[in-house]
Every structure is written in structure tokens, then in C-alpha cells.
Amino acid sequence: MPFDHFAAIAPLYARVTYSKTNIMREVAELPVKGILLDVGGGTGRVSSAIRDLVDEVVVADVSFGMLKEAPRAALKPVCGGSESLPFADNSFERVIMVDALHHVVNHADSAREMFRVLKPGGILVIEEPDIRTFGVKLIALAEKLLLMRSHFLAPDQIMKLFTSGEKKIRAEDGTAWVVIRKNKQNQ
Ligand SMILES: C[S@@+](CC[C@H](N)C(=O)[O-])C[C@H]1O[C@@H](n2cnc3c(N)ncnc32)[C@H](O)[C@@H]1O
């Protein structure tokens, strides 16, 4: 099993607050009734900040060490990888993944799974450091030196992981949001 870098930094990570709540709120069209799934959600840093804008939050993450730091009273933690999510098709009103896509083992499988569990008419938001910017290129280099298995995709490459749905990209200040709305009719 590969070394879990995130378990090692989880107690510190839990103290970092999420600063892009307003943009997430806008692109994910929150508030909304229903359940939000935060994939690669770690300590629940992001979903804690938007918890009041949905009925329920499920945080799925491969690192038990990160999930251990998530506030259990507010968020439901589920340990597992994004490549094979343990949820039925069309389960969630919203699915988000923040700062995690570049860490997953398989981008295409993760995209397929997140889309599968999203309800028709629901919105999936992938927030990633924008690898087209100089600062993020430096972060990518640092993560390589730390032997993290990161692999960053540019926003248009992320968008191409999805073959259906209505898609858009927003990018500012070194961060990109790829937003996919699943069609209401069968895909
Ligand atoms: C940089 S942290 C971001 C955590 C959280 N989204 C946030 O913004 O606070 C990346 C997270 O992705 C998780 N992760 C990495 N690979 C994963 C995978 N294949 N499936 C699910 N989670 C994964 C890590 O365990 C870690 O918690």
C-alpha cells in the first residue's frame, strides 16, 4: 500500500479553512435540497463551509487518517477511492471534488464514477489548482519532489473526461472550476 501523505498532515489540514466558498456556492448553484457528495473530501474542510446549504453531506476519501479529522456530527464519512464509489447510480444532487483530482490513481474512472452517482439535473464541480499558471506549476514540481503521485490536468482536459452533460469552465487566481450538469433525460 502506498504511503498516505495525507494521513500524516491530517490534524494540521483540518485547521485550514476553505476560502473559495462564494465561488463554489455560485458554480454549484447552492443552496439546494438533497445530498451533496464531497469526493476526496478529506477532513471535510470544504463541505463544512457549505454544510448549511444542503440537507446532508457525505465525505468520501481514500485516507482514513483524513476522514478521522472530519466532524462526524455534521458530515457522514465514507472511506473509499473515487475510482469505485460505493453508492447507487443517481444518488446525489451535487457532487464536488476539491483539490483532489490530481491525486487520484485514475482520472477517467473517477470522472465516470462521480458522474454515475450524480442525479439527472444535478451538478458536479471539480475544483483544481490551475496547472496553466506558474504558481501551480511550482506546486506540481514540489509534489513530485515529495514523491506524491500527483498528475495535474488542465481544465479542458478535465472537461474531456466527460462525454455528456452541459459543461463549463471558470478560472481565476490560479484555481479552475470544471462544472458539469447531468442532463435530465437518460444520458
Ligand atoms: C489536497 S487533499 C484535499 C482535501 C479536501 N478536498 C480539501 O480541499 O480540503 C486531497 C485529498 O484527496 C484524497 N484522495 C487521494 N486520492 C484519492 C482517491 N483515489 N479517492 C478518494 N480520495 C482520494 C486524499 O486522501 C486527500 O484527502
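Start by selecting strands E1 (residues 35–39) and E4 (residues 92–98), which run parallel and are joined by three bridges. Helices here are DSSP runs of H or I with at least four residues, strands are runs of E with at least two, and both are numbered from the N terminus. Two strands count as paired if DSSP finds at least two bridges between them.

Before going on, a word about what's on screen. Residue numbers start from 1 along each chain as its sequence is written. The model is predicted, so local features need pLDDT of at least 70 and side-chain atom pairs count only at pLDDT 80 or more, while totals for chains, interfaces and linings use all residues.

**Stay on E1.** Click Asp-38: its bridge partner in E4 is Ile-96, and in E2 Val-59 stands opposite Asp-38. Now add E2 (residues 56–61), which pairs with E1 in the parallel sense over five bridges. Is E1 mostly covered or hardly covered? Mostly covered: four of its five residues are buried, meaning that 20 or more other C-beta atoms lie within 10 Å of a residue's own (12 or fewer is exposed, in between is partly exposed, and C-beta atoms are placed from the backbone).

**Zoom out to the sheet.** Show the strands in the order E3-E2-E1-E4-E5-E7-E6: that's an open sheet of seven, with mixed pairing. At the edges sit E3 (76–79) and E6 (166–172), each pairing on one side only. From one strand to the next, the twist averages 15°.

**Add a helix.** Select H5 (residues 107–117), which packs on the sheet and touches E1, E4, E5 and E7. Contact here means C-beta atoms, placed from the backbone, within 7 Å. The direction of H5 makes about 145° with that of E5; axes are lines fitted to C-alpha atoms, for helices over the stretch in contact, and angles run from 0 to 180 degrees between N-to-C directions.

**Next, E5 and E7.** E5 (residues 118–129) and E7 (residues 175–181) run antiparallel, joined by seven bridges. Pick Leu-124 to find Ile-180 of E7 opposite.

**Find the ligand.** Around the ligand are 19 residues, the closest being Gly-40, Gly-42, Arg-45, Ser-63 and Ala-100. A residue belongs here if its C-beta atom, placed from the backbone, lies within 6 Å.

**Finish at H6.** Select residues 134–145, the 12 residues of H6. How many of them are buried? Zero, so H6 is hardly covered. Just after H6 comes Leu-147, with a positive phi near 60°.

Methods
Expected span 1.5 Å × (residues − 1). Contact = placed C-beta atoms within 7 Å.
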